Every structure is written in structure tokens, then in C-alpha cells.
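Work through the exercises below with the sequence and the 3D structure at hand. Each task is followed by a solution in steps.

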Amino acid sequence: MSVKTIFQTIEDRDNPEYIENNGPFKCINANAWLGQGYYFWDTFIENAHWWGSQNRSNNRYVICGSNFVFNKDTCYDLHGSTDTLVEFQEMIMLFEQKKLLNKNSKVVEIINFLKKKNIFTYPSVRVSSEKFSNNRFKVKFIQGNPSLLELKPLIQICIYDLSKVQFNSYNIVFPDEYCNDFVV
């Protein structure tokens, strides 16, 4: 168990009081890559800024920080736990063999399938993606080899059920004019 600082990037609608009184905010988009839930960037605020600059109109975004108690009982870790990755892959292969999933199934489809079967009962999931990664925080291992060490990987935590995780102190940390000396 550890406490992580996590960040949610949301659209700036000139409503900081509303944000702090009503956040965090659930993503209900049909194309949410892990399904409907509360999406946060794990540890690195730079990734929350990157997302805001890429996905919010006119670079108008707000970042809220919070503390999240991270443990294997409440968060299915598809980023940092090799055991969980092996388990997830084995489940996929098993259900593909039984023709319940196909080889083109997406992560969200697999998680939703496992939820329906009451196999996936976690209130949150942690993942990373290299496709969206930027090269600002990467270092080459050796000259002539394309392999890179990613210093600030794009790790997200999606919380499906806030009532089943330890989560607190949702405060605006960016932009500065909205911060009331809150420290995460």
C-alpha cells in the first residue's frame, strides 16, 4: 500500500469553486478507453499538462490533485505488476479459446466482459500507454539503438467506484490564479 498523488485534467469553464465543490468528474464518453470512470494521471503533473494542451480548446484546462491510496486489493495494476499482466493475458487467451472474446478485442471490451462475468471486481485500474507518449521525458540507453528509458510514463488510474477506494483532498493545482494555496 502506498499513497500516490494523482491529477485530473478538466476543461476550464471559469468555475473554480464549482470544480472544488463537485469534483472529481466522471468521464462518461462512449470512447473512454477504460470505460466510464474518474480518470487521473499517476504521479507526473507534466502528463496532466500534456493532456490538457492536447485535448482542451485554447489550452484552457484545470488540473486538480488528490491523494489516492494505491494497493493491489483495490487497483488492478496493468502497469506496474507483472503478475497482473500475466493474469490478464491468460484470461484473454482463455476466453479467446472459448470464443467469448476475439483477437481484436479492445482493453475496455475485455474489462467490461470480465466485469459482466464477475471476474473483474476492482474499483479501479492502472494502465500506461506508449502510443501517446512524448519524447520530452525519454533518454536513450545507448547510441545507435532506438530503445528509450521513459522517465515520466503516461500512467493513468481510472477509478470506477470512488466509494470503494481511499481518495481525498481534491484541490485545484493549476492554473495558479485558481489555487488558494492548496498543496497536494
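The exercises that follow concern a predicted model.

**Exercise 1. The nonpolar cores**

Task: Find which residues have the most contacts inside the largest nonpolar core, and which elements give two or more residues to this core.

Solution.
Step 1. The largest nonpolar core consists of 19 residues. Leu34, Phe88, Leu114 and Val125 have the most contacts inside it.
Step 2. Two or more residues of this core come from each of helix H3 (82–97), helix H4 (107–116) and strand S5 (124–128).
Step 3. Take Leu34 and leave out residues up to four places away in sequence: Leu34 then touches Tyr39, Val107, Val108, Ile111, Val125, Val127, Cys158 and Tyr160.
Step 4. There is also a second, separate core of 17 residues, with Ile10, Phe40, Phe70 and Ile157 among them.

**Exercise 2. The largest pocket**

Task: State how much space lies in the largest pocket, and describe its lining by residue, by element and by residue class.

Solution.
Step 1. The space in the largest pocket is about 840 Å³.
Step 2. The lining has 28 residues, and Thr9, Cys27, Asn29, Trp51 and Arg56 are the closest to the centre of the pocket.
Step 3. Strand S1 (2–11), helix H1 (16–22), strand S2 (38–42) and helix H2 (45–55) are the elements that give two or more residues to this lining. S1 gives the most, with 5 residues.
Step 4. By class, the lining residues divide into 16 nonpolar, 8 polar and 4 charged.

**Exercise 3. The second largest pocket**

Task: Which residues lie nearest the centre of the second largest pocket, and which element gives the most to its lining?

Solution.
Step 1. About 300 Å³ of space lies in this pocket.
Step 2. Its lining has 13 residues; Trp33, Leu34, Val107, Val127 and Ser128 lie nearest the centre.
Step 3. At least two lining residues are supplied by each of H3, H4 and S5. H3 gives the most, with 3 residues.
Step 4. The lining residues divide into 8 nonpolar, 4 polar and 1 charged.
Step 5. Compare with Exercise 1: Leu34 is also among the residues with the most contacts inside the largest nonpolar core.

**Exercise 4. Strand S3 and its neighbours**

Task: Explain why S3 is described as largely enclosed by the rest of the structure, then find how S3 pairs with S1 and with S9.

Solution.
Step 1. S3 has 10 residues and 9 of them are buried, so the strand is largely enclosed by the rest of the structure.
Step 2. S1 pairs with S3 in the antiparallel sense over 10 bridges. In this pairing, Val3 stands opposite Val69 in S3.
Step 3. S3 also pairs in the antiparallel sense with strand S9 (residues 167–174), over 5 bridges. Here Phe68 stands opposite Phe167 in S9.
Step 4. Turn to H2, whose buried residues are Asn47, Ala48, Trp50 and Gly52. These buried residues pack against S1, S2 and strand S3 (61–70).

**Exercise 5. One residue of a helix**

Task: Decide whether Thr84 counts as buried or exposed, and list what Thr84 touches.

Solution.
Step 1. Thr84 is located in helix H3.
Step 2. Buried means under 20% relative accessible area.
Step 3. The relative accessibility of Thr84 is 13%, so Thr84 counts as buried.
Step 4. Not counting residues up to four places away in sequence, Thr84 touches Tyr76, Asp77 and Leu78.

Conventions. Residues numbered from 1 in each chain as written. Predicted model: local features only at pLDDT ≥ 70, side-chain atom pairs only at ≥ 80, totals over all residues. Heavy atoms only, no water. Core = buried A, V, L, I, M, F, W, Y, C linked by side-chain atoms within 4.5 Å. Buried < 20%, exposed > 50% of the residue type's maximum accessible area, 1.4 Å probe, protein only. Helix = DSSP H or I, 4+ residues; strand = E, 2+ residues; numbered from the N terminus. Contact = heavy atoms within 4.5 Å. 1 Å grid on protein atoms, 1.4 Å probe; cavity = no way out; pocket = protein on both sides within 12 Å on 5 of 7 lines; lining within 4 Å. Points joined across faces, edges and corners; volume = space filled by probe spheres on them. Nonpolar A, V, L, I, M, F, W, Y, C, P; charged D, E, K, R; others polar. Pairing = 2+ DSSP bridges.
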